[in-house]
Amino acid sequence: MAIYHLSAKSISRGSGRSATAAAAYRAGVEIVDERTGVVHDFTRKGGVLHAELVLPGGGTADRSEFWNRVELHHKRGDAVLVREIEVALPAELPADQRCELATSYARELAD
């Protein structure tokens with residue numbers, strides 16, 4: 001039997017978090033936070049099967065540039081930078097179908 005899980009969270013500066021660090025961790029990449037100069041390197045993190053930046057209207061952007069623009073745009077110390085939606089998909093689906101389902105859901109949310 002498939003079990004469903006969805007969790008929505010915010011990432012804010014007020015709690016000491018950053019959009020660049022969160023994006024680097026989730027994608028398993030390295031992103032330099034241009035605002036603080038901190039290097040967030042998660043290239044050795046395992047378990048990232050797919051990482052894609054989904055923008056409204058099917059647009060594309062460089063992951064590092066995009067998240068650094070988000071950081072620079074929000075000036076306040078208590079700014080909510082990101083809203084994260086975590087969804088657990090059923091293990092009964094093959095990996096390619098889970099990826100397709102997650103990407104289509106992300107496109108719906110972005111648009």
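**Figure 1. Glu108, out in the open on helix H3.** Glu108 is exposed, with a relative accessible area of 64%. That's comfortably an exposed residue, because the label needs over 50%. Glu108 belongs to helix H3, which covers residues 95-110. Along the chain, Glu108 and Val54 are 54 residues apart, yet their C-alpha atoms are separated by 9.7 Å. Keep in mind for this and every other view that the model is predicted.

**Figure 2. The whole protein chain, for orientation.** Here's the backdrop for the close-ups. The protein chain has three helices and four strands, and reading from the N terminus the order is β-α-β-β-α-β-α. Its C-alpha atoms fill a box of roughly 45 × 30 × 30 Å along the principal axes. There are 111 residues, and 25% of them count as buried. If you take contacts between residues at least 6 apart in sequence, 57% join residues at least 24 apart. The accessible surface is about 7,500 Å², with 54% of that belonging to carbon and sulfur atoms. As for charges, there are 14 positive and 16 negative ones, and the mean positions of the two sets sit 6 Å apart.

**Figure 3. The largest nonpolar core and its best-connected members.** This core has 14 residues, and the ones touching the most other members are Ala19, Leu53, Phe66, Trp67, Val70, Leu81 and Val82. Helix H1 (19-27), helix H2 (63-73) and strand E4 (80-88) each put in at least two residues. Which element gives the largest share of the core? That would be H1, with four residues. In soluble globular proteins, nonpolar side chains tend to be buried together. Zoom in on Ala19 and, setting aside neighbours within four places in sequence, you'll find Trp67, Val70, Glu71, Leu81 and Val82 in contact with it.

**Figure 4. Helix H1, mostly under cover.** Seven of the nine residues of H1 are buried. The buried set is Ala19, Thr20, Ala21, Ala22, Ala23, Ala24 and Ala27. What lies over them includes E1, E2, strand E3 (39-41), H2 and E4. Just past the end of the helix, look for Gly28, which takes a positive phi of about 70°.

**Figure 5. Helix H2, from its start to its buried residues.** Where H2 starts, a side-chain oxygen of Asp62 comes to within 3.3 Å of the backbone nitrogen of Ser64. Further along, the buried residues of H2 are Phe66, Trp67, Asn68, Val70 and Glu71. An α-helix has 3.6 residues a turn, so residues three or four places apart point the same way. The cover over the buried residues of H2 includes H1, strand E2 (30-32) and E4.

**Figure 6. Ile31, a strand residue with a long contact list.** Ile31 lies in strand E2. Is Ile31 buried or exposed? At 1% relative accessibility, Ile31 counts as buried, because the cut-off for that label is under 20%. Leaving out neighbours within four places in sequence, Ile31 is in contact with Thr20, Ala23, Ala24, Val38, Val39, His40, Arg63, Ser64 and Asn68. Thr20, Ala23 and Ala24 in that list are also among the buried residues of H1, while Asn68 is one of the buried residues of H2. Trp67 is worth adding to the view too: it is 36 residues from Ile31 along the chain, with 8.8 Å between the two C-alpha atoms.

**Figure 7. Ser7 on strand E1.** Ser7 lies in strand E1, residues 5-12. With a relative accessible area of 17%, Ser7 is buried. Not counting residues up to four places away in sequence, Ser7 touches Glu84, Ile85 and Glu86. Those partners fall within strand E4, which runs over 80-88.

**Figure 8. Val87, partly exposed on strand E4.** Val87 is found in strand E4. How exposed is this residue? Val87 is partly exposed, with a relative accessible area of 31%, because that value falls between the 20% and 50% cut-offs. Leaving aside neighbours within four places in sequence, Val87 is in contact with His5, Leu6 and Tyr105. His5 and Leu6 fall within strand E1, and Tyr105 falls within helix H3. Tyr4 makes a nice reference point as well: Val87 and Tyr4 are 83 residues apart in sequence and 7.8 Å apart in space, C-alpha to C-alpha.

Note on methods. Residues numbered from 1 in each chain as written. Predicted model: local features only at pLDDT ≥ 70, side-chain atom pairs only at ≥ 80, totals over all residues. Heavy atoms only, no water. Buried < 20%, exposed > 50% of the residue type's maximum accessible area, 1.4 Å probe, protein only. Contact = heavy atoms within 4.5 Å. Areas by Shrake-Rupley, 256 points an atom, 1.4 Å probe, with all protein chains shown as cover. Lys, Arg positive; Asp, Glu negative; His and termini not counted. Charge placed at Lys NZ, Arg CZ, Asp CG, Glu CD. Core = buried A, V, L, I, M, F, W, Y, C linked by side-chain atoms within 4.5 Å. Polar contact = N/O pair within 3.5 Å; in protein donor to acceptor, adjacent residues only side chain to side chain.
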